[in-house]
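Here is a quick walk through one model, written for someone who likes cut-offs spelled out. Have the viewer open as you read.

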Amino acid sequence: MTELLLTGGRVLRPDLTVERADVLVSQDSGEIVAVDEPGALDGDDELDAESGLVIPGLVNAHTHVAMTMLRGLADDKPLDAWLREDVWPVEAELTPEDIRAGAELGLVEMIRSGTTALSDMYFEVEEIAEAVDQAGMRAVLGFTAVTVGKDEEGARADLQESLDVAKRLDGAADGRIKTTFQPHSLTTVGEGYLREFVPEAFDAGLSMHFHANETRDEVTPILDERGVRPLAYAEEVGLLDGDAYVAHGVHVDESEIDLLAETDTGVAHCPASNMKLASGMAPVQDLLDAGVTVGIGTDGAASNNDLDMFDEMRDAAMLGKLAADDASAVDAGTVVEMATANGADLLGFDSGRIEAGANADLAVIDLDAPHLTPAHDLVSHLAYAVRGSDVRHTVCDGEVLMRDRTVEVFDEAAVRERAAERAAALVERAED
Ligand SMILES: CSC[C@H]1O[C@@H](n2cnc3c(O)ncnc32)[C@H](O)[C@@H]1O
Ligand SMILES: [Zn+2]
């Protein structure tokens, strides 16, 4: 049995207390074996956590990881124009190799900033799955179906592909990959298709992940045409019958918050994307108060523009206070839980907490920095002051993904070079 000891540091416990402790993980089972007082445990290999804080690896609950290829290409527009004028024309030119390159780049960025699990929506999912496998991370993946602008055959093919991919890839990468059925949103997939394919996905035991209530423009047409709010419509077509989580959930009213709670449907809150596209402010504190599980996602790098979950925690806290008009709303401990335990809960992984028996998905933060001094309250630091670049080591499934800021699972320079070259060629093709 090979065991890795994270030694000399402080540890964030599930109740958000911090104690001086060592953490022993099994590289065979990929689980945390023990958390004990300094010096009490021995491992075959060690990670130095001196002057550091060991935290659960962060969970990015909604992203499009390969969209790193579009980073900085389409800024300063609202969602609909951003997608139709800028993003979709470039995405139409993406090759499987581009998506692989963009995914690898995004995963390297995530590892460098302490993220160990992600929930992704995109296409060419096999490429993304191979990149996740190589990264050693956990992921929930899926093929995203869009039917607007497609003929019957194309639309049905998209939904069938979403079903097939979800069935085919579930359990890949030794169980580190799970899948979801993914209609893109309630306005970009036609009702007939939802009514036909959603029950099939439900019968196959698949979880659902879709964009919902992101902008007012997504709410109004559904309300006008059907006389019901979008999430009531989602329930009608069966999308909330099983395990489900929606991305964004910005413009939800009280009835929809209750519906989310009643159906145990989670929300992946994307504060930076919601601010950048001026989509609106999600009522995060109200969602939490109603008992809805809310995780945090970066969304893609074209609407953020990075994949740093520390940025995202800070944004979630700040925006949550503005939305509630209450400085005590969405407090530091809450955002830390959202980015760890809640995210793991949404994705269905036994991660997000440092406890014997949980998945050994961890990050070590280097506290030896001016912006983290003094250290009155380390939970406050995690929410408001730590940056992705403060992460010293990243571990997932007991394996070291980054040691002393060197990524061990990819040749980082080669990944960056390949992505930059491919992104430049992609833009040239799109402009032709
Ligand atoms: C076919 S994969 C997903 C699809 O969604 C697009 N997308 C990226 N960010 C958002 C967002 O915030 N709302 C809706 N759709 C988004 C992405 O570009 C892909 O085309
Ligand atoms: Zn999205």
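## Around the ligand

The shell around ligand 1 splits into 6 nonpolar, 7 polar and 3 charged residues (Ala, Val, Leu, Ile, Met, Phe, Trp, Tyr, Cys and Pro count as nonpolar, Asp, Glu, Lys and Arg as charged, and the others, Gly among them, as polar). There are 16 residues around ligand 1, and Val87, Met121, Tyr122, Thr144 and His211 come nearest; being near takes a C-beta atom, placed from the backbone, within 6 Å. Helix H1 (residues 79-91) gives the largest share of that shell, 4 residues. Helices (H or I, at least four residues) and strands (E, at least two) are DSSP runs, numbered from the N terminus.

A word on ground rules: this is a predicted model, in which local features need pLDDT of at least 70 and side-chain atom pairs count only at pLDDT 80 or more, while totals for chains, interfaces and linings use all residues. Residues are numbered from 1 along each chain as its sequence is written, with chains lettered from A and ligands numbered from 1 in the order in which they are written.

## Two domains

The chain divides into domain 1 (3-56 + 354-406) and domain 2 (58-347), with bounds from an automatic or database domain assignment. Their C-alpha centres lie 28 Å apart. Across the boundary, 19 residues of domain 1 are in contact with 22 residues of domain 2 (contact means C-beta atoms, placed from the backbone, within 7 Å).

What does the domain 1 side of that boundary consist of? Its residues are 12 nonpolar, 3 polar and 4 charged. Helix H13 (378-384), strand S18 (391-396) and strand S19 (399-403) each supply at least two of them, and H13 gives the most, with 5 residues.

## The sheet

An open sheet of 7 strands runs in the order S3-S2-S7-S17-S18-S19-S20, with mixed pairing; strands pair if DSSP finds at least two bridges between them. Strand S3 (18-20) and strand S20 (406-407) are the edges, each pairing on one side only. Strand S2 (residues 10-12) and strand S7 (residues 52-56) pair in the parallel sense over 2 bridges, and Val11 has Val54 as its bridge partner in S7.

Further along, strand S17 (residues 362-366) and S18 are antiparallel over 4 bridges, with Ala363 partnered by Thr394 in S18. S18 also pairs with S19, antiparallel over 3 bridges, where Cys396 is matched with Glu399. S18 and S19 make a hairpin with 2 residues between them, and Asp397 in the turn has a positive phi of about 55 degrees. As for cover, 6 of the 6 residues of S18 are buried (20 or more other C-beta atoms within 10 Å of a residue's own, C-beta atoms being placed from the backbone).

## Core and helix H3

The largest nonpolar core has 148 residues, and those with the most contacts inside it are Val23, Val54, Leu107, Ile128, Val132, Met313 and Val335. Such a core is a set of buried Ala, Val, Leu, Ile, Met, Phe, Trp, Tyr and Cys residues joined through C-beta atoms within 7 Å. Helix H12 (residues 332-347) provides its largest share, 9 residues, and both domain 1 and domain 2 contribute at least three residues each. Leaving aside neighbours within four places in sequence, Val54 is in contact with residues including Val11, Val23, Ile354 and Leu362.

Helix H3 (residues 125-135) has Ile128 and Val132 among its buried residues, along with Glu127. Its cover includes helix H2 (96-112), helix H4 (152-169) and S19. Just after H3 comes Gly136, with a positive phi near 75 degrees.

Definitions and conventions: Contact = placed C-beta atoms within 7 Å. Buried ≥ 20, exposed ≤ 12 C-beta atoms within 10 Å, placed from the backbone.
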